[in-house]
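Please open the model in a viewer with a selection panel at hand. The stops below are given in the order in which they may be selected.

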Number of protein chains: 2
Amino acid sequence: MADAKIRLYVDQPLGVGQPVPLNADQANYLFAVMRLGRGDAVLLFNGRDGEWRGVVAEAGKRGGVLVCDAQTRPLQMPPDLWLLFAPIKKARTDFIVEKAAELGASRILPVQTRFTNAERIRQDRLQAHAVEAAEQCGGTFVPEVCDLQGLDKVLDTWPAERRLLWCDEHMVGGSSALTGLLATARGGPWAILIGPEGGFAESEQARLRGLPQVVPISLGPRILRADTAAVAALVLWQAALGDWQ
Amino acid sequence: MADAKIRLYVDQPLGVGQPVPLNADQANYLFAVMRLGRGDAVLLFNGRDGEWRGVVAEAGKRGGVLVCDAQTRPLQMPPDLWLLFAPIKKARTDFIVEKAAELGASRILPVQTRFTNAERIRQDRLQAHAVEAAEQCGGTFVPEVCDLQGLDKVLDTWPAERRLLWCDEHMVGGSSALTGLLATARGGPWAILIGPEGGFAESEQARLRGLPQVVPISLGPRILRADTAAVAALVLWQAALGDWQ
């Protein structure tokens, strides 16, 4: 039996001796594409029970069964960090979700702002991207991708204790992101807010400035695309306050 | 005359009264696509003379002439930071070049490692991506994209004074990138080295470990894709030692 290399996200509970039935897509991938057979092993995770080695017990054309053997890694939760962003073009939105999952955001909230073009998103497709990124990066957790909500509505019920890192292109050349973050006490829930390509409307800016939870930062002297800004803010936050320490 | 919004990279020298002849592609973009006409203004940069306002003096179907009016921004050079990376799939390689230009790398060097799949790159296409990113992000400088070179050959003539930030997936969970960078003296030339998806070969790792210029860092507890790692390293370096301060 070779070492398990393939990582697969499943919905079912995982534990010693637990059988994991496969659907047709999963069976096709493991047995037709990757050519696994009885006795071969796969790494499984469901976002709750850590990572387990699953051994192929039945392999069929339209299904199959894996049986959990041993836990290979415990559940590792990312820090309590949400990413709020205004959806942009399809490829760049996909990219933001992939990177947020890889970089350890705990929840991804697409928000509609005054200058956001997208009126809807494919939540199911974005969630699938988050799953794929978790499979790829060795994570044992998959961030939830929420459906598109209005920024105003999200701010109406913003939790008092959750700080909000606000990255706005108008702050180009402002005070350093890193210095500000490093001076902040660690711990407690956070969120990152990335504006749309056209920036925030005046009324949105005024509202954000008035929120005590908001921490504005600059991301350097060049104007970053929204997808670059999302990755940059996630990286700085993780390095200064998150689990990269 | 409306405010100039379009930014265009040109090859010609820029200065007061300097005429800038347009080629057919540029004329088509400005006059057919963007519907500019005589007297309209465009922002021009060539990577050497800063940003200038150019006013349309002649507009034709296959060409035209802009005349430089006034400098709108001085040349802003990025820090002396090279990015070395092993080319991956086309879309992700394009992405790395775009992000490196946006995030202020001064030179981009695709390198072939033992586990790099790509045997060639389209240098001209990658250079065009860097130009487009500079047009988009308000930069006045365009990083040079070099042709693909072997990593071994690049290291054979590595400058004694250029430090090399080595981001390797084997260092997952190692010492913090940020702490290490912040403890480093600022100033002097640097480079970032991003490995291929399969990591570096043993012999390459040994060689890198033996180089006094090499500074190894970890990029957190999850395994990052090569394109994510490139952006993460550029962001951390700019925030800790570069022009984001």
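Select W166(A) first; this residue lies in strand β10 (residues 163-167) of chain A, where strands (E, at least two residues) and helices (H or I, at least four) are DSSP runs numbered from the N terminus. W166(A) is buried, its relative accessible area being 3%; buried means under 20%, exposed over 50% and partly exposed in between, with a 1.4 Å probe and protein chains only. Add N46(A), which is 120 residues away along the chain: the two C-alpha atoms are 32 Å apart.

This is a predicted model, in which local features need pLDDT of at least 70 and side-chain atom pairs count only at pLDDT 80 or more, while totals for chains, interfaces and linings use all residues. Residues are numbered from 1 along each chain as its sequence is written, chains are lettered from A and ligands numbered from 1 in the order in which they are written, and side-chain values use heavy atoms, without hydrogens and water.

Next, display both chains. Contact (heavy atoms within 4.5 Å) involves 35 residues from chain A and 35 residues from chain B. The two chains bury about 3,100 Å² between them, 57% of it on carbon and sulfur atoms; buried area is the accessible area (1.4 Å probe) that two parts lose on being put together, summed over both.

How many salt bridges are there between chain B and chain A? The count is eight, a salt bridge being a side-chain nitrogen of Lys or Arg within 4 Å of a carboxyl oxygen of Asp or Glu. One of the salt bridges joins K99(B) to D227(A), at 3.1 Å from N to O. On the side of chain B that touches chain A, helices α2 (90-102), α3 (123-137), α5 (177-182) and α7 (226-241) of chain B each supply at least two residues. The largest share, nine residues, comes from α7(B).

Keep D227(A) selected and add R92(A): these residues also form a salt bridge, with the closest N and O atoms 2.9 Å apart. D227(A) belongs to helix α7 (residues 226-241) of chain A and R92(A) to helix α2 (residues 90-102) of chain A, so that the pair links parts of the chain 135 residues apart. D227(A) is buried, at 1% relative accessible area.

Finally, select R207(B) and D156(B), whose salt bridge has its closest N and O atoms 2.8 Å apart. The pair ties together parts 51 residues apart in sequence, because R207(B) lies in helix α6 (residues 202-210) and D156(B) in helix α4 (residues 151-156) of chain B. R207(B) is partly exposed at 28% relative accessibility, whereas D156(B) is exposed at 55%.
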